[in-house]
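Q: I am a first-year student, and I would like a careful, close look at one part of this model, with the rest of the chain brought in as background. Could you take the charged pairs as the starting point and build outward from there?

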Amino acid sequence: MSATAMRTLAGISVPQTPLVERALEHARQACEPYLFNHVVRSWLFAERIGQLHAIEHDAEVLAVGTLLHDITLNERFAGPRRFEVEAADLARGFATEAGLDNYRAQQIWDCVALNSTPSIGLYKEAEVALCTAGICLDVVGLQYTSIPSAEMKAIVAEFPRLGMKRQMTLCFCHIAATQPETTYDNFARDFGERLVPGYKVPTSSVDLVANAPFDE
């Protein structure tokens, strides 16, 4: 990114390009304030982890994927697929409309679709792995000490959490309550089982294997 204009945001050097600015504005319009702050913090964490470990990556792809990863995480979500996949399609459409080639647009899709599946995302290409790392750091504290304490405080001060734990819990419970069929193989199921009265697991991997249409 040496030829790309840069700026400092909450003490972190990030790319300043028309694509990144457009993604920032799109996220601001699509997300509630707490969620907008979350996606920006996730981006800053992801970019900083890449810098600290000298990981070569496409900083525009990382920015767009991270900033748009939660545009369907709200109480308006109506499926029909899990919210990450719905968001991934929207983010890829955003990228394609902005003129990105198929490879970069697909990387953004992967960033978004895998953001809550670190057991896969952390082992993908650098852009996907960094996106996953930044998001998981902000949500569950994964690799929390990878960001220097002073930098962490500066980022959170500029983009405060605004009750994120409570707000996200409400969204995940809404998904489990209204779209349970999208939760059978992902973490939203955990919120349904623990916090949503009457939630019933729509299916089980055990049942899928046992009921496969083969004799053995």
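A: In this predicted model, the side chains of E21 and R7 meet in a salt bridge, with 3.2 Å between N and O. E21 belongs to helix α1 (residues 18-30) while R7 belongs to strand β1 (residues 6-9), so the pair ties together parts that lie 14 residues apart in sequence. Both partners are partly exposed, since a residue counts that way when its relative accessible area falls between the cut-offs of 20% and 50%; for E21 the value is 31%, and for R7 it is 24%.

As a general background, side chains of opposite charge can pair when their charged atoms come close. The structure holds 16 salt bridges, and a second one can be set beside the pair just described. R104 forms a salt bridge with E60, and here the closest N and O atoms are 3.0 Å apart. This pair links distant parts of the chain, with R104 in helix α5 (residues 102-113), E60 in helix α3 (residues 59-67), and their positions 44 residues apart in sequence. E60 is buried, its relative accessible area being 15%, which is under the 20% cut-off.

A third pair shows another arrangement. D89 and R92 form a salt bridge whose closest N and O atoms are 3.3 Å apart, and the two residues, which are three apart in helix α4 (residues 83-97), are separated by about one helical turn. D89 is partly exposed at 26% relative accessible area, and R92 is likewise partly exposed, at 29%. This pair also belongs to a wider group, because salt bridges, each needing a side-chain nitrogen within 4 Å of a carboxyl oxygen, link R81, E86, D89 and R92 in a network.

Taken over the protein chain as a whole, there are 18 positive and 27 negative charges, and the mean positions of the two sets are 7 Å apart.

It also helps to see the frame in which these pairs sit. The protein chain has 11 helices and two strands, and along the sequence both strands come before the helices, in the pattern β-β-α-α-α-α-α-α-α-α-α-α-α. Its radius of gyration is 18 Å, close to the 17 Å that the globule rule gives for 216 residues, so the chain is as compact as a globular protein of that length. The C-alpha trace spans about 60 × 35 × 30 Å along its principal axes, and 49% of the 216 residues count as buried. Among contacts between residues at least 6 apart in sequence, 60% join residues at least 24 apart. The chain exposes about 10,700 Å², of which carbon and sulfur atoms supply 55%.

Finally, some details of the backbone deserve attention. Most residues other than glycine have a negative phi, and most peptide bonds are trans. In this model, a cis peptide bond joins G79 and P80, with omega about 5 degrees, and P80 lies in the loop between α3 and α4. A54, although not a glycine, has a positive phi of about 50 degrees; A54 lies in the loop between α2 (33-52) and α3, and at 66% relative accessibility it counts as exposed. Q143 also has a positive phi, near 55 degrees, and is placed in the loop between α7 (126-140) and α8 (149-158), where Q143 is partly exposed with a relative accessible area of 40%.

How values were computed. Residues are numbered from 1 along each chain as its sequence is written. This is a predicted model: local features need pLDDT of at least 70, side-chain atom pairs count only at pLDDT 80 or more; totals for chains, interfaces and linings use all residues. Side-chain values use heavy atoms; hydrogens and water are left out. Helices (H or I, at least four residues) and strands (E, at least two) are DSSP runs, numbered from the N terminus. The radius of gyration is taken over C-alpha atoms; the globule rule is 2.2 Å times the number of residues to the power 0.38. Buried means under 20% relative accessible area, exposed over 50%, partly exposed in between (1.4 Å probe, protein chains only). Contact means heavy atoms within 4.5 Å. Accessible areas come from the Shrake-Rupley method with a 1.4 Å probe; for residues, only the protein chains shown count as cover. Lys and Arg count as positive and Asp and Glu as negative; His and the chain ends are not counted. The place of a charge is taken as NZ of Lys, CZ of Arg, CG of Asp or CD of Glu.
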